[in-house]
Amino acid sequence: MMLQNQEVPVLQPSIVRLASVDVYRGFVMFLMVAEVLELAKLASKFPDNPVWQAIKFHTTHVEWVGCSLHDMIQPSFSFLVGVALPFSLANRLSRGDSFLKMTLHAMWRSLILILLGVFLRSTHSSMTNWTFEDTLTQIGLGYFFLYLLGWQKTWVAVLAFFAIVIGYWGAWTLYPAAGPDFISHWQKNANLGWAFDTWFLNLFPRKAPFTANSGGYLTLSFIPTLATMILGLMAGHLLQQPWEKWKQIGLCLVMGVAGIAIGYFLHEFDICPNVKRIWTPTWVFYSGGWCYVMLPIFMLLVDVLPLKKLFFPLMVFGVNSIAIYCLSHLIDGFIRTSLYTHFGKGFFRIFGERYEELFMGFAILLILWLILYWMYRRKLFLKI
């Protein structure tokens with residue numbers, strides 16, 4: 001991982017960085033950082049208000065089955081890794097990088113992502129917390145395979161995608177079900193992924209033997225997460241084509257609607273539940289479909305319509321996504337404590353104690369954005 005002063009090379013139009021992708025990524029990172037606003041906690045104080053209850057639903061993860069806007073953070077981030085890969089490869093080829101150099105870098109990047117995820121999960125532990133469900137770790141576990149697919153024709157990526165989702169579904173159905181019905185193959189902490197973790201995670205030093213993840217999250221979810229990244233890779237290949245923007249937007253929307261429909265069908269007919277926490281094949285289709293819908297929306301707003309400047313605050317988040325991911329995990333508590341130290345609690349209760357967390361959250365969010373803006377102005381980008 002390195003902090004570098006980035007020089008922008010002269011690229012061909014087909015490999016130029018797309019502003020819409022950065023804005024979409026920035027939107028995703030904003031949703032993640034906006035957890036400091038504590039909107040769900042505030043909404044709980046208005047139990048009879050449908051607007052506040054809708055806000056509560058979409059700013060928290062669903063308990064098991066289903067999808068909220070907050071649940072789309074991780075699949076969108078993973079999807080955009082795939083979208084960016086073809087442009088990254090083309091960019092590095094234009095600079096004269098060799099295949100060996102890029103391959104070694106991909107291996108290094110995978111390792112750093114894995115270890116960075118473990119590090120961030122260990123910040124409040126007295127020893128290294130060897131767990132692999134963090135977003136960065138999940139991406140790192142599958143990134144090298146994605147990189148190898150990046151060199152292949154699109155049809156190879158399509159075959160790999162279906163091999164993963166069908167093979168993963170088949171493996172789970174072969175594992176003994178926890179209940180009498182077929183859908184219980186995916187029961188929380190009583191499934192193939194849980195069985196793997198009760199063996200694998202206990203190979204690492206721990207305070208106590210691992211028995212289950214309270215949220216049901218799994219190490220093996222990196223396999224279907226790779227399928228989500230492959231969907232992004234296919235989108236990246238599509239965006240590299242010298243087609244009219246409207247054609248690209250239309251194709252993405254068609255694929256998005258198809259993915260959502262397939263996911264809905266698989267869930268409703270009890271073929272496989274739609275569960276983000278264990279990244280079921282149904283979730284791959286459903287969330288991937290929404291990614292394919294959200295991408296062309298940002299393409300329309302940023303690349304087609306003259307609205308790019310309106311989305312500059314999100315752009316600042318998007319071009320430094322690793323930096324904001326780390327900062328939000330490492331220093332948000334420090335910022336909160338410092339603000340209370342220097343301003344006191346009364347300052348943040350100007351509209352009443354009920355809104356204290358909200359205004360504190362706005363202050364933390366603003367400070368994090370200003371740090372990234374400072375980095376943006378100086379062309380400092382945290383890269384792996």
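**Close-up 1. A right-handed crossing joins helices α4 and α6 in this predicted model.** Here α4 spans residues 73-94 and α6 spans residues 135-150, and the two pack at an angle of about 35 degrees. Their axes lie 11 Å apart. On the α4 side, look for Gln74, Phe77, Ser78, Val81, Gly82, Leu85 and Leu89. Their partners on α6 are Thr135, Leu136, Gln138, Ile139, Tyr143, Leu146, Tyr147 and Gly150. Sorted by class, this contact holds nine nonpolar and six polar residues, with no charged ones.

**Close-up 2. The second largest pocket has a volume of about 670 Å³.** Its lining is made of 25 residues, and those closest to the pocket centre are Met32, Glu35, Arg121, Tyr325 and His329. If you are tracing the lining by secondary structure, the elements that supply two or more residues are α1 (19-33), α4 and α13 (321-330). The chemical character of the lining is mixed: nine residues are nonpolar, nine are polar and seven are charged.

**Close-up 3. Asn129 sits in the loop between α5 (99-121) and α6.** Is this residue buried or exposed? Asn129 falls in between: it counts as partly exposed because its relative accessible area is 24%, and that class runs from 20% to 50%. Setting aside neighbours within four places in sequence, Asn129 is in contact with Val118, Arg121, Ser122 and Arg206. One of these contacts, Arg121, is also among the residues closest to the centre of the second largest pocket. Phe204 is worth finding in this view too: 75 residues separate Asn129 and Phe204 along the chain, while their C-alpha atoms are separated by 9.0 Å.

How values were computed: Residues are numbered from 1 along each chain as its sequence is written. This is a predicted model: local features need pLDDT of at least 70, side-chain atom pairs count only at pLDDT 80 or more; totals for chains, interfaces and linings use all residues. Side-chain values use heavy atoms; hydrogens and water are left out. Axes are lines fitted to C-alpha atoms, for helices over the stretch in contact, and angles run from 0 to 180 degrees between N-to-C directions. Helices (H or I, at least four residues) and strands (E, at least two) are DSSP runs, numbered from the N terminus. A crossing is left-handed if the near helix is turned anticlockwise from the far one by less than a right angle, and right-handed if clockwise. Contact means heavy atoms within 4.5 Å. Ala, Val, Leu, Ile, Met, Phe, Trp, Tyr, Cys and Pro count as nonpolar, Asp, Glu, Lys and Arg as charged, and the others, Gly among them, as polar. On a 1 Å grid over the protein atoms alone, a cavity is a set of points where a 1.4 Å probe fits but cannot get out, and a pocket is an open set with protein on both sides within 12 Å along at least five of seven lines; lining residues have an atom within 4 Å of a point. Grid points are joined across faces, edges and corners, and a volume is the space filled by probe spheres set on the points. Buried means under 20% relative accessible area, exposed over 50%, partly exposed in between (1.4 Å probe, protein chains only).
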